[in-house]
Amino acid sequence: MKKTGIVLAIVFALILAGLAAGGFVLKNRIEECALESLKTAIGPDAETAVGEISFSFLDRTVTAKDWRSRRDLPEGPVSIQASEVKAVLAPRAALASIPSIGSQLYKGTDVVPVFDRFTFYGLKGASGPVSFESEAAQADRVRMTYDLLKKRFAGVEPDPLENAEGTWTDQISVRRLRFLTPDGNLSSRELKLSGIHGLALDRIAMDSVEVTADGSTVFACREFSTEKISVSASLYRKIQELSSSKDPGLAELLGLLAEFKKSGPLVSRLKLDGLQMPADADCLVETEEIAFDWKSVDPLNLELHLRGLKVPAKLATKNGVTLRGLDSVEIDADLSSSGLATSRQQGFVRIRNLFELQYDATYIAPSSAVKDVHLQLKDYALLAQAAVNVTPDGMAAAMMLKAGAQAMCLGDPVDRKGQCAKLAEFIDAPGTITLDTPKGLAIPTDKIAQDLSSGRFGSLFTVRVQPGGRTLDQLIRELPR
């Protein structure tokens with residue numbers, strides 16, 4: 001019995017020794033793999049230095065101190081560094097790193113959890129005259145295909161497309177980010193990339209963005225975001241080919257355009273919240289929201305939405321325009337464009353307390369012509385505000401505006417001069433005015449300009465008027481002094 005106990009103790013000791021030896025080999029393997037990854041972070045042939053690198057089994061953490069990497073490119077050197085890099089390995093990543101075990105657990109296309117977290121502290125980088133710095137950058141829940149992970153563990157640098165397609169990350173966050181350029185600087189409290197799966201991202205958002213030049217703010221917003229970013233593999237390859245071509249020809253550019261069509265929208269939405277831009281020393285232009293939606297590529301379908309654009313009225317005053325009773329001009333708009341060679345343009349624009357405008361037209365790009373133009377203006381105080389900039393006398397202003405309206409039809413045949421008489425009706429009692437071009441008739445844009453300058457307004461448009469409840473003179477007298 002005693003001998004049996006001694007034998008079991010020896011066997012147990014040998015097992016522990018084997019595990020320790022295996023652990024030592026695994027520790028070295030992970031540290032070597034981490035070092036190789038840092039060496040190729042900015043591409044092959046980079047010069048890399050690391051002060052110290054270590055792996056702890058207890059918390060599954062790889063730590064690298066004082067990492068610096070530099071790569072010389074034809075357009076100039078690229079460099080990156082971090083005071084510390086910490087990567088917390090997912091439990092299964094260590095098993096996947098051992099070929100005999102990993103090949104039993106995973107197939108080539110299986111997605112393997114690699115890092116719970118991957119963090120760079122004191123991150124800095126530069127490319128030519130442009131540099132950046134960040135307090136910390138962190139990737140959460142990084143996964144890779146087993147085939148890609150095997151190459152990484154073997155120290156083989158994968159193809160950029162294979163690397164992009166085979167990597168998933170829940171979120172990348174960059175804190176206290178600053179870009180520095182000779183022309184100005186950009187800063188953000190936090191940059192977040194969410195839902196990275198291969199060549200697609202769910203969302204990119206920059207919080208508290210500010211752009212400065214010569215020490216002054218030229219642009220600031222509460223948040224800038226993009227949604228549903230996606231690039232097809234074929235488009236990715238085509239972009240790579242063109243970027244490496246010194247002089248791309250027409251055929252290559254047309255090929256890129258064809259790939260864009262097949263790939264679909266690169267981004268579904270761009271949005272700016274809480275935009276602020278100084279327009280003058282004491283004038284700040286503000287916007288609640290600007291959103292750009294890319295609905296489809298073939299046919300091309302785009303939308304622009306604007307909410308709460310505020311332009312100080314004193315900016316208009318500085319340019320010689322008086323706006324009585326208004327501290328600011330507030331604008332909302334919804335615009336859309338559908339089609340490419342022939343496109344339908346639609347929109348609604350509201351300037352609060354002044355007017356609402358709706359438009360609908362078809363633009364024919366090859367001939368630079370428009371057809372089926374429909375414009376409708378609902379006046380609240382636009383004409384009254386315009387009139388007081390001519391003369392404060394309401395009756396005199398109405399007479400001058402009506403004379404100008406009649407002159408717009410001087411070159412028209414007799415049967416079309418009545419369209420300007422309808423303009424005069426609108427001026428007498430501003431309400432709603434609608435303009436339409438002849439149905440189905442394509443009119444070159446240069447002909448429109450020629451006809452308007454030659455007094456042939458009536459030949460271009462059919463006018464309909466719904467008079468308002470008050471005369472122009474009454475509206476002018478109601479304006480604040």
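**Close-up views of the predicted model**

**View 1. Antiparallel pairing of strands β7 and β8.** In this predicted model, eleven bridges link strand β7, residues 185-197, to strand β8, residues 200-213, in the antiparallel sense. One position in this pairing is N185, which faces T212 of β8. Two residues separate the strands in the β7 and β8 hairpin, where G198 adopts a positive phi near 65°.

**View 2. The hairpin of strands β8 and β9.** Strand β8 also runs antiparallel to strand β9, residues 216-230, and twelve bridges join the two. Within this pairing, E210 has A220 in β9 as its bridge partner. The hairpin formed by β8 and β9 has two residues between the strands, and D214 in the turn shows a positive phi of about 55°.

**View 3. The surroundings of R324.** R324 is located in the loop that lies between α8 (313-318) and β13 (328-339). The residue R324 is buried but has no salt bridge. D473, the nearest side chain of opposite charge, is 9.9 Å away from R324. Beyond its neighbours within four places in sequence, R324 contacts Q385, V388 and P392, together with I476, L479, P480 and R481.

**View 4. A nonpolar surface patch including L105.** L95, I101 and L105 make up a nonpolar patch of about 230 Å² on the surface. L105 belongs to helix α3, which spans residues 99-105. The relative accessible area of L105 is 46%, so this residue is partly exposed.

Note on methods: Residues numbered from 1 in each chain as written. Predicted model: local features only at pLDDT ≥ 70, side-chain atom pairs only at ≥ 80, totals over all residues. Heavy atoms only, no water. Pairing = 2+ DSSP bridges. Helix = DSSP H or I, 4+ residues; strand = E, 2+ residues; numbered from the N terminus. Buried < 20%, exposed > 50% of the residue type's maximum accessible area, 1.4 Å probe, protein only. Lys, Arg positive; Asp, Glu negative; His and termini not counted. Salt bridge = Lys/Arg side-chain N within 4 Å of Asp/Glu carboxyl O. Contact = heavy atoms within 4.5 Å. Patch = residues over 30% accessible without salt bridge, like charges linked within 9 Å, V, L, I, M, F, W, Y side chains within 5 Å. Areas by Shrake-Rupley, 256 points an atom, 1.4 Å probe, with all protein chains shown as cover.
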